[in-house]
Amino acid sequence: MGNYHLRVYTRCIVADMTVPLALLGLLEREPSHGYDLKRDYDTIFGRGRPLPFGQVYSTLGRLARDGKVTGQSEPGDGPDRKRYAITPLGRQEVATWLAEPVAAEPYLQTVLFTKVVLALMLGRDAAGYLDAQRATHMRRMRELAEIKRGGPLTDALLADHAMFHLEADLRWIDVTQARLGALAEVVRAS
């Protein structure tokens, strides 16, 4: 799978996960150095889109400022390193976040919809756009099926999540294609 597809796959799957909460969760598991947190984040959540070191340390700085982590300096061969640990306030934030369901997004305004309506407004080939989008989705579904066959369980579950969203998009594309004439009339009348 190409690097571009990995980035798109990751962006779609973990878009709602916040880095600070993920780092807090990793720290609840065990105190860690920033380097170890980055490695664990990249391994578990990164999926081809590694977290920049600067983001790790700036996030840890904000979490420390807000009383959610503490950093204990440890002498070593090089510059002093800090081992970060979660505080009770940080534990409470992770517990609250994990207990809250993710909001069910209505997706009433999507890029797919916008492109179809604009194509109709501008007299362009909306059906051709829908066909091209269907082909792109189908190609992505084949890539995800390959991930499921050859990857670990975590990758398979993430691929399932992405595939279910693509299946919903494909159903929408089919329904929209069937109603394209009626939609064209509505768009032209407005």
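This is a short walk through two helix pairs and two nonpolar cores in a predicted model.

Let's begin with a general idea. Two packed helices can be described by two values, the angle between their axes and the distance between those axes.

Now find helix 7, residues 126-150, and helix 8, residues 153-178. Their axes lie 9 Å apart and meet at an angle of about 160°. Angles over 145 degrees count as roughly antiparallel, so helix 7 and helix 8 are roughly antiparallel to each other. Their crossing is left-handed. If you sort the residues of this contact by class, you get 15 nonpolar, four polar and nine charged ones.

Helix 7 and helix 8 also help to build the largest nonpolar core, as do helix 6 (111-121) and helix 9 (180-189); each of these elements gives two or more residues. This core has 20 residues, and those with the most contacts inside it are Val 116, Leu 120, Ala 126, Leu 130, Leu 144 and Leu 180. Take a look at Val 116: among the residues it touches are Ala 126, Tyr 129, Trp 172 and Leu 183. Apart from this core lies another one, of 17 residues, including Val 19, Leu 24, Val 56 and Val 69.

Our second helix pair is helix 3 (residues 34-46) with helix 4 (residues 53-65). Here the angle is about 120° and the axes are 10 Å apart, which makes helix 3 oblique to helix 4. This crossing is right-handed. Helix 3 brings Gly 34, Tyr 35, Leu 37 and Lys 38 to the contact, while helix 4 brings Phe 53, Val 56, Tyr 57 and Leu 60. By class, the residues here are six nonpolar, one polar and one charged.

Note on methods
Residues are numbered from 1 along each chain as its sequence is written. This is a predicted model: local features need pLDDT of at least 70, side-chain atom pairs count only at pLDDT 80 or more; totals for chains, interfaces and linings use all residues. Side-chain values use heavy atoms; hydrogens and water are left out. Axes are lines fitted to C-alpha atoms, for helices over the stretch in contact, and angles run from 0 to 180 degrees between N-to-C directions. Helices (H or I, at least four residues) and strands (E, at least two) are DSSP runs, numbered from the N terminus. Angles under 35 degrees count as roughly parallel, over 145 as roughly antiparallel, 65 to 115 as roughly perpendicular and the rest as oblique. A crossing is left-handed if the near helix is turned anticlockwise from the far one by less than a right angle, and right-handed if clockwise. Ala, Val, Leu, Ile, Met, Phe, Trp, Tyr, Cys and Pro count as nonpolar, Asp, Glu, Lys and Arg as charged, and the others, Gly among them, as polar. A nonpolar core is a set of buried Ala, Val, Leu, Ile, Met, Phe, Trp, Tyr and Cys residues joined through side-chain atoms within 4.5 Å. Buried means under 20% relative accessible area, exposed over 50%, partly exposed in between (1.4 Å probe, protein chains only). Contact means heavy atoms within 4.5 Å. Lists of a residue's contacts leave out its neighbours within four places in sequence.
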